[in-house]
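Welcome! Let's look at this protein together, beginning with its overall layout and then turning to a few individual contacts.

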Amino acid sequence: MQPYALVIDGQPVTTDRTFEVLNPADGSVVATCPEGTVALLDQAVAAARRALPGWASRPDADRVAALNDIANRLERHAGELAELVTREQGKPQSGPGAKLEAGGCVAWTRVTAGLALAEETIQDDAKGRIVIRRKPVGVVGSITPWNWPLMIATWHLMPAVRVGCTVVIKPSPYTPLSTLRLVELMNQVLPPGVVNVVTGDAEVGSRMVSHPDIDKIVFTGSIKTGKSVMEGAADTLKRLTLELGGNDAGIILPGTNVDPLLESLFWGCFINGGQTCAALKRLYVHESQYEEVAEKFAAFVAKMPVGNGLDAKNLVGPLTNAMQRDKVSTYVDEARAKGARILTGGVRPSGPGYFYPLTVVADATDDMLLVKEEQFGPAIPILKYRTVEEALTRANSLDVGLGGSVWGNDPQEAAALATRLECGTAWVNQHGGLHPLAPFGGVKCSGIGVEFNVDGLKEYTTIQVVNVAR
Ligand code: NAD
C-alpha cells in the first residue's frame with residue numbers, strides 16, 4: 001500500500017491522525033490517509049500566500065511550460081491514477097470510467113496550457129491609452145466532491161495555476177487519494193507552495209471559506225453546502241465559482257426513433273452510476289410512445305454489466321458511499337409506494353460493497369422524490385407528457401439548471417426546443433458530453449460562474465484597467 005501524504009509548501013506532510021479510505025466495491029481499505037486540521041490548513045494557506053508573488057510574476061511562457069510538463073507526467077501516470085480512482089471511488093476501468101477520467105485530466109491540462117488571456121486596448125489616441133489587464137485573483141481555495149475526484153481537481157487547479165494563482169485544495173474525505181497523488185505529481189514541476197493539499201471535511205472546508213488569506217473559493221459539490229459556502233464567504237467578500245447539483249431533464253420528442261439513441265440515453269443517465277452532476281435525471285416521453293420507449297430502454301439497461309470496476313467486463317460500478325446508496329434506495333422505495341412501476345432493478349442487493357442495480361422507474365410523477373430531488377445514482381424516472389410545451393414547462397419547473405437535453409429525429413427541431421431549457425448546457429441527441437473549450441456551469445441554484453476555456457480562466461483573475469493620460 002502506497003503511503004499518502006498531504007503536500008504543504010512542496011513538502012510531504014504526514015499526521016498522527018489518519019482515516020481509512022474504503023473501496024466501495026468490497027469495503028476493503030484502500031489506504032490510510034493523513035487527516036488534515038485547521039492548523040495544517042493555516043500552514044498551507046501561508047505557504048500559498050508566500051509563493052504567490054513569485055508565481056504570479058513569472059513570464060507567462062513559464063507557466064505554459066509547467067502545465068505542459070504536468071500534462072506529460074499525468075499521461076505517464078494515467079494508468080496508476082485511473083486504478084486509484086476505481087479503488088477509492090468505484091467507477092470502472094472500462095467504458096466512460098476511470099481511464100476516461102485520467103485521460104480527461106491530461107486533455108484538460110493541455111488545453112488549459114494553450115489558453116491565453118491577452119491584454120485588451122480599448123483606446124489608444126491623442127487623449128490617452130486605456131488597457132484592460134487581467135491579474136491573478138490571488139490565493140485560491142478549492143473544495144471538491146467525490147464523484148469525479150481527479151477530473152474536478154484538475155478543472156480547479158489547472159486554470160488557477162495557469163493564470164498565476166496559488167492554491168490550497170481540499171478533496172472529499174471519501175476520495176482524497178487521487179488528489180494527493182495529483183498534487184504530488186504537480187509539485188515535481190511547480191515551485192513550493194504553488195499547489196498545496198490538505199484533507200478534511202466540513203471543519204476544514206468552512207475554515208477555508210472564511211479564511212482571511214484566501215481570495216477566492218472554487219467549490220464543486222451539493223447545493224446545500226454551496227449555499228453555506230456563499231454565506232461563509234460573505235464576510236471576506238471572496239470571489240466564488242460554485243458548481244453545484246443538478247436535476248437535468250431529457251425530453252424525447254413525439255415520434256422519435258429511439259432504437260439508435262438507446263446507448264446514448266443509457267450513458268446520459270448512468271455514466272458513473274448516475275453520480276454525475278450533469279447526468280440525465282428525469283426522462284420525459286410522449287404518451288403516444290411511452291410504453292414502447294420505457295420497455296425498450298429498460299431492456300437495454302437490464303443487459304449492462306454492473307460490478308467491481310477493476311473487472312474489465314463491468315461498465316458500471318458501485319455507489320461511492322453508503323449515504324448515497326441509502327438515498328437512491330429511499331427515493332426508489334418512495335416512488336414504488338406512490339404507484340410507480342419498477343421496470344428493472346429497484347432491489348438493493350445484499351453482499352459487500354455499496355451496489356445498487358440499474359433501475360428504470362415508469363409511471364413516475366412530479367411529486368416523487370426521485371423526480372423532485374437529485375437522486376445522484378443509478379435510478380431513472382420516466383415521466384409521461386401530452387404536449388411538448390407541457391414537457392418543457394415541467395422540465396423548467398425546478399430551481400436547478402445545470403444541463404438538459406432534447407432527443408428527436410430532426411436535430412434542428414430538437415435544438416430549437418433545447419435552447420428553451422433553463423440550463424447551462426443544452427444537448428441534442430446526447431446528454432453530458434463536455435469539451436474543454438465549451439464553458440460549463442449552471443443557472444438558478446446549480447451554480448455561479450463557469451469553468452473551461454477563456455471564460456473559465458477569467459474566473460481566476462480580477463480586471464485591472466490601466467488608464468494613461470496623454
Ligand atoms: P458535498 O457538498 O457534500 O461536499 C463537497 C465538498 O465540500 C467536500 O469536499 C466536503 O468535504 C466539503 N464540505 C462539506 N461541508 C462543508 C462546509 N460546511 N464548508 C465547506 N466545505 C464543506 O457534495 P458531495 O456529496 O461530495 O458531491 C455531490 C454533489 O456535487 C452533487 O449534488 C453533485 O450534483 C454536485 N456536483 C456538481 C458538479 C458541477 O460541476 N456542477 C460536479 C460534480 C458534483
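The protein chain divides into two parts: domain 1, made of residues 6–244 + 446–469, and domain 2, made of residues 248–435. Keep in mind as you explore that this is a predicted model. If you take the C-alpha centre of each domain, domain 1 and domain 2 lie 31 Å apart. Where they touch, domain 1 contributes 28 residues and domain 2 contributes 30 residues.

**Where the domains meet**

Here is a small summary of what lies between domain 1 and domain 2.

| Feature between domain 1 and domain 2 | Value |
|---|---|
| Buried area | about 2,300 Å² |
| Share of the buried area on carbon and sulfur atoms | 64% |
| Salt bridges | zero |
| Residue pairs in polar contact (both at pLDDT 80 or more) | 10 residue pairs |

Which helix supplies the largest share of the side of domain 1 that touches domain 2? That is helix α3 (residues 78–89), with five residues. Sorting the residues on this side of domain 1 by character gives 13 nonpolar, nine polar and six charged.

**Aromatic pairs**

Now look for rings. The structure holds 11 aromatic pairs. One of them joins W146 and F376 in an edge-to-face arrangement, with 5.5 Å from centre to centre and 75° between the planes. The angle counts as edge-to-face because it is over 60 degrees. Where do the two partners sit? W146 is in the loop between β7 (139–143) and α5 (149–163), while F376 is in the loop between α12 (369–372) and β16 (379–385). The pair therefore ties together parts that are 230 residues apart in sequence.

**Salt bridges**

Side chains of opposite charge can pair when their charged atoms come close. In this model the count comes to 32 salt bridges, although the count between domain 1 and domain 2 is zero. For an example to find on screen, try R73 and D69: they form a salt bridge whose closest N and O atoms are 2.9 Å apart. Both belong to helix α2 (residues 60–76), and because they are four residues apart there, about one helical turn separates R73 from D69.

Conventions: Residues numbered from 1 in each chain as written. Predicted model: local features only at pLDDT ≥ 70, side-chain atom pairs only at ≥ 80, totals over all residues. Heavy atoms only, no water. Domains from an automatic or database assignment. Contact = heavy atoms within 4.5 Å. Buried area = accessible area lost by both parts, 1.4 Å probe. Salt bridge = Lys/Arg side-chain N within 4 Å of Asp/Glu carboxyl O. Polar contact = N/O pair within 3.5 Å; in protein donor to acceptor, adjacent residues only side chain to side chain. Helix = DSSP H or I, 4+ residues; strand = E, 2+ residues; numbered from the N terminus. Nonpolar A, V, L, I, M, F, W, Y, C, P; charged D, E, K, R; others polar. Phe/Tyr/Trp six-rings, centres within 6.5 Å; stacked < 30°, edge-to-face > 60°.
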